[in-house]
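Visitor: I would like a close look at a single part of this protein, with its surroundings described residue by residue. Could you choose one strand and take me through it, adding other sites for context where that helps?

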Amino acid sequence: MMFKKDLLIDSSGYVLNLLEKILSTNIKIYGIENIPKDNPKIFVANHFTRIEALLVPYCLYDITNKKVGVIADDGLMKSYFGNYLQNIGALAKSHPNRNNIILSDLLTARKDWLIFPEGRMVKAKDIIKEDSHYIVKINDIKSRIYTGSAFFALYSEILRQDYSNNKIKNKNKFQRKYLINQNDKIEDKETMIVPINITYSPIRTGDNFLQKMAKRLFDNINENFLEEIEIESNIVLNSKIIIRILKPISLHKMLKNSYGLVLNHNTIVEKLRYDLTYKFMKKIYENVTIRFEHIFILILYHYKEEKICKVYFKRIIYLVAKRVKEDCTLFEDDIRNDIINLISYEKYPIFNEILKIALKDKIITQTREDYIINKDALLNMHTHNTIRIKNILRVVLNEVLIIDKMNDIVKQKVNLTHEQIDKELLQILQEEEKNEFETDYLKFATHKDIKPKDIGKPYLLKNNLSNKCILLIHGFSSAPKEVEELAVYLNNCHYNVYAVRLKGHGTVPEDLKDTSYKDWYNSVSRSVVITSLKYDEINIVGFSTGGLIALLSSKKYLPKLKSIVCINAALNLNDIRIRTVLPAIDFWNDIVSSFNAHSLKKEFVENKARYPKINYDKFYVKAILQLKELMNITKQNLEKINKKILIIQAKDDPVVNISSAYEIHEKIKSKNKQLAIFELDEHVIIKGKNTKNVFEKIKRFLLDK
């Protein structure tokens, strides 16, 4: 058996260094548990790049410590990578004894094999189903998926059964034909097919330093090779390579009914090879890891009108992503994480990145309110060797056109009216908010310090005669109950008032330990969308940490958002523990963790709360560090704020330094900005006996046009 160190010695050092770099940075392998431990195996995979013939065998070797041969294009075997390919046991397509070598390896379990049944790189990913076959289309020429891998698997298993049942008449001839030495043993365990789906996230084009280096190193590079260098170097540098190993297929089960029958081997193989190929290719094609760009382009493809409203395009993406997370098990983090911000009226990086490509390739143009879809540009296949450069989103589209479930989800959503979209979205977000609190509460239900439910539950105080809403945000380690007095007051002033719960709050201190400031911000973003779907005017009022999130929320491009009020916004703190003790604790925790002395870690500091029924009695270090990060992010964004704003600060606030209010007032760019300093010596100035003047100031500000 060849070990990893042997590959490192015997192969091109450059190739192995490159593979090690990829493995350590941007490759994700799922389903390792699906690899049969001792069985002879044929791995079968989709084929999009040349690097797959180098990378996938290496990854499998790295996992199993067993060589994995690959059938490589003759040109690749003669290239710079040929030495490495020979060392892993690759064979050229044209090798005269190729079939018997592969069968020999499978019979003896000497080596596993990786085969790409598509037969060549399918750059456009243009795969269709016809009857019970998958068809590859290249430059409009159709060809069936090759069945060679099914042949090798089935034939090796038939030969194995014949050998074990003593049906081989001339064993010497058998051993010579299949290159079996006297010391070799025919493996008892069956050959198994292991399907693999290879997905790249994202697939992008553009110049990069590897491409430029290749142009300098090699003279007279043809256009096809340049295209491959551009695509594959971008994958190496910028993409996550997702290798998903799927459940193996038993050959024994397929052949069971043929055992004992007097049938020619070829007859049995011919009978089963097409069904087997369809079975494993179906697994491969339907186990694509769904990405944001799939949803983006599939909506444009299925949308029946020429124009799609920008706001509703994003809302449809959100609804589809929601269904994908519910109905599809395989999806990327760009669908999972922070997707609420797609529809909460601000820049969403992955959307803008794909939009830029669609605009460049003239798939869409835009007006102020709409995107105009150019279906001809979207569907343009160009040629096999140019489509990835000229229309990469068509390649992305082809990848999911073959997945029926995805297409059914998108078709259903694009046929909704705007009113239906809004109704469904509102219902989803309200249920999500409710379920999030219920789930968090249930998780800690038996905890001795759990708060009563009415402390942490978000709530809405309605005024059926008003179309205006105020969104109230509580402070750090607190709960919606904290803002109740202000909520009741503003509701009596003829406003609808929505008190949001920041994730991790209103239950137990441990709930806050593993949440981030982004989680808190996302809680508010969701509430902003909910209120925007119900009301014509929105104002955001935030207290302490809620004041910071209110400031950050002002960047949302939402005409309905009229003003911001921040009360004792926690930009600069008086608490010396934040400035001195906390860094020391964090440093101490790093030291003890390096010695694996985790029991010595200091996880929290005690908190003497002003309102212990509402606030937590301890602050977890991880949560305070998130608060510090939120403070820093808010500082960095102050100069971007131009909304109408009221800054309220207690002069002798024991928690928040008065400099916070002055810094906010000085740095924001709002034309309409007011600063109100109150002669108060408490932090929580929205509860208790001294609230009257503060509340009235907020009321006057909101009424002031």
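Guide: What follows begins with one strand and then turns to a helix and two single residues. The model is predicted, and the description should be read with that in mind.

The strand is β22, which spans residues 644–650 and is mostly covered, with seven of its seven residues buried. Burial extends to both of its faces, since K644, L646, I648 and A650 lie on one side, I645, I647 and Q649 lie on the other, and all of them are buried. Strand β22 runs parallel to β19 (residues 561–567), to which five bridges join it, and within that pairing I645 of β22 is the bridge partner of I564. Strand β22 is also joined by six bridges to β23 (residues 673–678), again in a parallel arrangement, and here L646 stands opposite Q674.

A helix offers another view of burial. In α20, which covers residues 404–414, the buried residues include M406, N407, I409, V410, K413 and V414. Those residues lie on the same side of α20 because they cover an arc of only 160° around the axis. The general background is that an α-helix has 3.6 residues a turn, so residues three or four places apart point the same way. Among the elements that cover the buried residues of α20 are α13 (292–302), α14 (310–327), α19 (392–401) and α21 (418–443).

Of the two single residues, E52 belongs to helix α3, which comprises residues 52–64. Although E52 is buried, it has no salt bridge, and the nearest side chain of opposite charge, that of K125, is 6.2 Å away. The side chain of E52 does make a polar contact of 2.5 Å with the side chain of Y200. Residues up to four places away in sequence being set aside, E52 touches N46, H47, P57, L114, F116, I198 and Y200.

The other residue, N467, sits in the loop between β15 (459–461) and β16 (468–473). N467 is partly exposed, its relative accessible area being 37%. Although N467 and E537 are 70 residues apart along the chain, their C-alpha atoms are separated by 6.7 Å. If neighbours within four places in sequence are left aside, N467 is in contact with N496, Y535, D536 and E537, and a polar contact of 2.9 Å joins the side chains of N467 and D536.

Methods:
Residues are numbered from 1 along each chain as its sequence is written. This is a predicted model: local features need pLDDT of at least 70, side-chain atom pairs count only at pLDDT 80 or more; totals for chains, interfaces and linings use all residues. Side-chain values use heavy atoms; hydrogens and water are left out. Buried means under 20% relative accessible area, exposed over 50%, partly exposed in between (1.4 Å probe, protein chains only). Helices (H or I, at least four residues) and strands (E, at least two) are DSSP runs, numbered from the N terminus. The arc is that of the directions from the helix axis to the C-beta atoms. Contact means heavy atoms within 4.5 Å. Lys and Arg count as positive and Asp and Glu as negative; His and the chain ends are not counted. A salt bridge is a side-chain nitrogen of Lys or Arg within 4 Å of a carboxyl oxygen of Asp or Glu. A polar contact is a pair of N or O atoms within 3.5 Å; within protein, one must be able to donate a hydrogen and the other to accept it, and residues adjacent in sequence count only if both atoms are side-chain atoms. Two strands pair if DSSP finds at least two bridges between them.
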